[in-house]
Structures are given as structure tokens and as C-alpha cells.
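Open the model in your viewer and follow the stops below. Each one says what to select and what is there.

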Amino acid sequence: LSFQMSVEVERKFLFSADTLIKLEEIGAVCVGQRQFHDQYFDTSQFDLTLRDMWLRRRKGCWELKCPMVPASALCTRYKEITELPDIQLRVKEAIRARDTEASPSLQEESWLSEMNLVCFAEFTTVRRSFSLAEEGVQIDLDQADFGYHVGEVEVVVPEGGDVQTALEKIERAAQKLGLTGDQRVEGKMNVYLKRHRPEHYAKLLSEHIL
Ligand code: V4E
């Protein structure tokens with residue numbers, strides 16, 4: 001297996017109409033608007049999310065986000081795995097403690113039911129993306145269909161790459177955007193679970209995952 005991995009360092013922020021003006025002022029270029037539907041999967045015992053692992057299907061592509069030591073108080077750091085065989089291996093590892101049968105064929109969607117994975121969250125996001133002159137910095141403004149919007153400043157680092165430089169880039173971008181607050185901002189999933197899966201939310205909160 002060849003493992004395709006990158007590390008996503010990101011800082012979320014609350015945005016308003018002013019943010020668009022600010023973005024224009026600092027020379028951010030809108031690189032597009034797109035819409036996507038996300039479906040997140042876990043076992044009914046929350047084996048993945050209790051390990052802070054997030055399995056998602058977006059536009060037919062699978063992705064597994066695995067936690068790394070947080071980059072800083074305000075920035076999260078997740079490994080992004082996009083190769084299905086690698087995803088299946090890691091999910092299997094994570095839920096091995098449970099009664100999963102080894103199966104010879106992990107084809108199509110059968111692997112989901114074989115690993116007892118069910119969809120626990122799904123929503124559609126409209127995302128406007130901006131790039132900064134500063135290399136590799138992307139700013140996303142997300143509007144989720146359940147009535148929550150959130151921005152993120154993101155730098156993707158190849159595995160083994162320079163996280164410190166990524167953090168500095170994010171910090172500079174945050175300053176330019178005038179993000180002063182040092183509070184952590186809730187992501188879409190926090191808000192979704194709080195509203196639609198209160199039991200799941202409470203469990204993750206009590207285990208300090210969210
Ligand atoms: C990692 C994670 C979750 C999965 C969703 O990740 P996120 O980057 O928030 O979503 P999105 O749509 O921006 O994905 P992208 O398009 O960038 O790939 S849900 C919760 N987490 C963990 C987490 C956390 N505990 N706290 C904060 C502030 N963010 C993420």
C-alpha cells in the first residue's frame with residue numbers, strides 16, 4: 001500500500017459581512033465557490049469519533065481525518081488519509097477491539113456494514129474559497145445548510161513538512177484579517193451534533209473530543 005497523506009493545519013474563525021471587505025482589502029483572491037454534501041460515519045458505539053477520527057464521504061471520495069498533536073491552542077492538526085485501502089485498514093484497527101470479522105472482500109460499500117459503520121451526520125456546505133499571496137494559505141468561508149457559518153484559515157503541509165512555518169503563515173493571515181479573539185470557534189460538526197445528535201455530542205464532550 002502506498003500511503004497518501006497530508007497534514008491539515010487550520011484555525012477556525014467567525015465571519016461576518018465585514019470579512020468579505022477585509023479579504024478584498026488584504027488582496028485575497030476568490031478562487032471559487034462550490035457546494036458539497038458530506039456524510040460522516042461511525043459505529044453506534046462511536047468507536048471512531050471517540051478516538052477523534054472522522055470518516056467522511058464527500059462527492060464520492062472517502063477521507064479519514066486522524067488526530068495529531070494539536071499545532072497550537074487555536075490551530076488543529078489532522079492527518080488526512082484519502083486512499084480507501086489505507087482508510088479501511090485504519091478504521092479496522094480502531095474498531096478491532098470490537099467483534100469485527102475479518103472479511104476477504106472489502107468492496108464497494110459492503111465494508112461499511114461489515115464494520116458496522118452508519119451515517120451519523122450529513123449536511124451540505126456552500127464554500128467560498130480565497131487564496132492569499134502568501135504561499136499555500138487558503139481561507140474558506142463555509143455556510144452549512146443547517147444554519148451555521150464558519151470560516152477557516154488553512155495550510156496543508158505534506159507529511160513531514162514544516163508545521164512551524166504553516167503556523168506562522170496562519171498567524172499572519174489571522175492578523176491581516178483582524179482576528180483578535182483567542183477563543184476557539186466551534187466547527188460545523190460541533191453545532192450539528194449539538195442540535196441533531198445530542199447524545200453523541202454529550203459523549204464526545206465528556207471525553208474532551210469536542
Ligand atoms: C476534524 C474534525 C471533524 C471533521 C470535519 O473537519 P473540519 O475540518 O472541521 O471540516 P471541513 O468541512 O472544514 O473539512 P475540510 O473541507 O477542511 O476537509 S469534526 C470535528 N473535528 C475535530 C475538530 C475539533 N475538535 N475542533 C475544531 C475547532 N475543529 C475540528
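Start with the whole protein chain: residues 24 or more positions apart account for 63% of its contacts with a separation of 6 or more. Two residues are in contact if their C-beta atoms, placed from the backbone, lie within 7 Å.

This is a predicted model: local features need pLDDT of at least 70, side-chain atom pairs count only at pLDDT 80 or more, and totals for chains, interfaces and linings use all residues. Residues are numbered from 1 along each chain as its sequence is written. Colour by pLDDT, the predictor's confidence in each residue, from 0 to 100. The protein chain averages 89.

Next, switch to cartoon. You will find six helices and eight strands; these are DSSP runs, helices H or I of at least four residues and strands E of at least two, numbered from the N terminus.

Now select V9, I139, V153, V155, I170 and A173. They have the most contacts inside the largest nonpolar core, which has 22 residues. A nonpolar core joins buried Ala, Val, Leu, Ile, Met, Phe, Trp, Tyr and Cys residues through C-beta atoms within 7 Å. Buried means that 20 or more other C-beta atoms lie within 10 Å of a residue's own, all placed from the backbone. Add β1 (5-13), β7 (137-144), β8 (148-158) and α4 (163-176), which each give two or more residues to this core.

Then pick L48, M53, M115 and L117. They belong to a second, separate core of 19 residues.

Finish at the ligand. Residues around it include K12, W54, K65 and R184. Both β5 (76-81) and α5 (188-196) supply at least two residues of this shell.

Technical notes. A residue is near a molecule or strand if its C-beta atom, placed from the backbone, lies within 6 Å of it. A residue is buried if 20 or more other C-beta atoms lie within 10 Å of its own, exposed if 12 or fewer, and partly exposed in between; C-beta atoms are placed from the backbone.
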